[in-house]
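Please load the model and keep the sequence to hand. This report is meant to be read beside both.

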Amino acid sequence: MIARAVGLLLALTLGATTAPPARADARISHIELRGQNGELTSVSGRVLVEAQDGGLLVEARDGTLWSVTTAQLQRRTGTTDEFRPMDSGELSRQLLDEFGPGFEVITTRHYVICTNAGRKYAEWCGSLFERLMDAFLNHWRSRPLRLAEPSSPLIAIVFASEQEFSEFAERDAGSAAAGAKGYYSIRTNRTVLFDLSAAPGTPPARTPADINRKVAASPLNVATIVHEATHQIAFNCGLHTRYADNPLWLTEGMAMYFETPDLDSRTGWRTVGRPNAARLTQFHDYVRQRRPADSLAQLISSDARFTDAAMAADAYAEAWALSYFLIKTRRKDYVEYLDRLSRKPPLFWDQPEDRRTEFEAAFGDLAALDRQFLKYLTRVGR
């Protein structure tokens, strides 16, 4: 799941405009703002967007996005200093200061992993993340997509226990994230997980093979790690833009497309794009039992089904099914559609009818596509 929390609500307010907000310069600015509880906070970073009403979207050097409304903004001081993201060393020191005793930092080529779950599990996660990064970029390395390796290290927080994870998630991203097995925060640009190989009354895993065995005992465990890491990669390689209008069917469908991991290989990832058995089963049940005629129109026009507990499982399943169908049968059109969405500016939100119009411009009449979609999915996995 993608955690938006308070930051997105502020961004929605900031972006309530009929035209895209103007992009500001990328020099470092010092911002002083007053939070919801009246506390003063100082942020140094680059101003990504300056809205028509004077509100700001600021990216701090650690990757956190700050949505600052005009009512919150107390002072803004510009500088001539060029913005530079934190490197692995700076991020490591900041994370250790934030999380304190009991935590350590493991670094890989693209990641900084802060954990109290032990070095072995963190290294296992780092290896999985790096293989996923390579597989993701290789899968989409085609024109017109303008993908690149992340420009700064990606942060992952891995807790030793589910209880520690839930307590942190409640503060960081709200109750929905606290009840999950992991999440990616658009606001902080962090993936947050816990040790899925740990079980009460059992000894800790000691080798990568042991971790593989314990995690793979529940396929949803592996899917959780891959799902959240895919979100983070997609938002940092140029495929999605944080705080832009990224339809949830697309971002969640993309993450679920990569949920089929290859734990047997230490280098490759041979299972990208295989049918996702859990999502496929849910989708077939949805089609048989309760799918309305306008289901596809609802899915692409609005994110509401994903935030409704009674509808979310079906929404996720249909998002995977639609993504799978489009990638397998309309790849060129899908890639061009992805590229158009990747160019959308932050803090500008499309209306439902605009989402549908843009989708039909890419894939044609919705009714005809829905018939093709349902016919194709009847053959998948059978």
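The report covers nonpolar cores, helix packing, salt bridges and two single residues.

This is a predicted model: local features need pLDDT of at least 70, side-chain atom pairs count only at pLDDT 80 or more, and totals for chains, interfaces and linings use all residues. Residues are numbered from 1 along each chain as its sequence is written, and side-chain values use heavy atoms, with hydrogens and water left out.

**Cores**

The largest nonpolar core has 97 residues. A nonpolar core is a set of buried Ala, Val, Leu, Ile, Met, Phe, Trp, Tyr and Cys residues joined through side-chain atoms within 4.5 Å. Buried means under 20% relative accessible area, exposed means over 50%, and partly exposed lies in between (1.4 Å probe, protein chains only). Tyr121, Trp140, Trp249, Leu322, Phe359 and Leu377 have the most contacts inside this core. Another core lies apart from it, with nine residues, among them Leu65, Phe235, Tyr243 and Leu347.

What does phenylalanine 359 touch, leaving aside its neighbours within four places in sequence? Its partners are Trp249, Ile300, Leu322, Leu326, Tyr337, Gly364, Leu366 and Leu369. Contact means heavy atoms within 4.5 Å.

**Helix packing**

Helices (H or I, at least four residues) and strands (E, at least two) are DSSP runs, numbered from the N terminus. Axes are lines fitted to C-alpha atoms, for helices over the stretch in contact; angles run from 0 to 180 degrees between N-to-C directions.

Helix 11 (residues 312-329) and helix 14 (residues 366-377) have axes that come within 10 Å and cross at roughly 95°. Helix 11 and helix 14 are therefore roughly perpendicular to each other. That label covers 65 to 115 degrees; under 35 is roughly parallel, over 145 roughly antiparallel, and the rest oblique. On helix 11 the contact includes Trp320, Leu322 and Phe325; on helix 14 it includes Leu369, Phe373 and Leu377.

Helix 3 (residues 119-140) packs on helix 6 (residues 208-216) at about 75°, with the axes 10 Å apart. This pair, too, is therefore roughly perpendicular. Lys120, Tyr121 and Trp124 of helix 3 meet Pro208, Ile211, Asn212 and Val215 of helix 6.

**Salt bridges**

The structure holds 28 salt bridges. Each is a side-chain nitrogen of Lys or Arg within 4 Å of a carboxyl oxygen of Asp or Glu. Three are listed here.

| Acid | Base | N to O distance |
|---|---|---|
| Aspartate 339 | Arginine 146 | 3.5 Å |
| Aspartate 333 | Arginine 330 | 2.8 Å |
| Glutamate 358 | Lysine 344 | 3.3 Å |

Where do aspartate 339 and arginine 146 lie? Aspartate 339 is in helix 12 (residues 331-342), and arginine 146 is in the loop between helix 3 and strand 10 (154-159), 193 residues apart. Aspartate 339 counts as buried because its relative accessibility is 7%. Arginine 146, at 47%, counts as partly exposed.

Lysine 344 lies in the loop between helix 12 and helix 13 (352-363) and glutamate 358 in helix 13, so the pair ties together parts 14 residues apart in sequence. Lysine 344 counts as buried, at 14% relative accessibility. Elsewhere, salt bridges that share partners join Asp285, Arg288, Arg290 and Asp314 into one network.

**Two single residues**

Glutamate 228 sits in helix 7 (residues 219-234). Glutamate 228 is buried yet has no salt bridge. The nearest side chain of opposite charge, arginine 279, is 7.8 Å away. Lys and Arg count as positive, Asp and Glu as negative; His and the chain ends are not counted.

Threonine 41 belongs to strand 4 (residues 40-50). Not counting residues up to four places away in sequence, threonine 41 touches Ile31, Glu32, Leu33 and Trp66.
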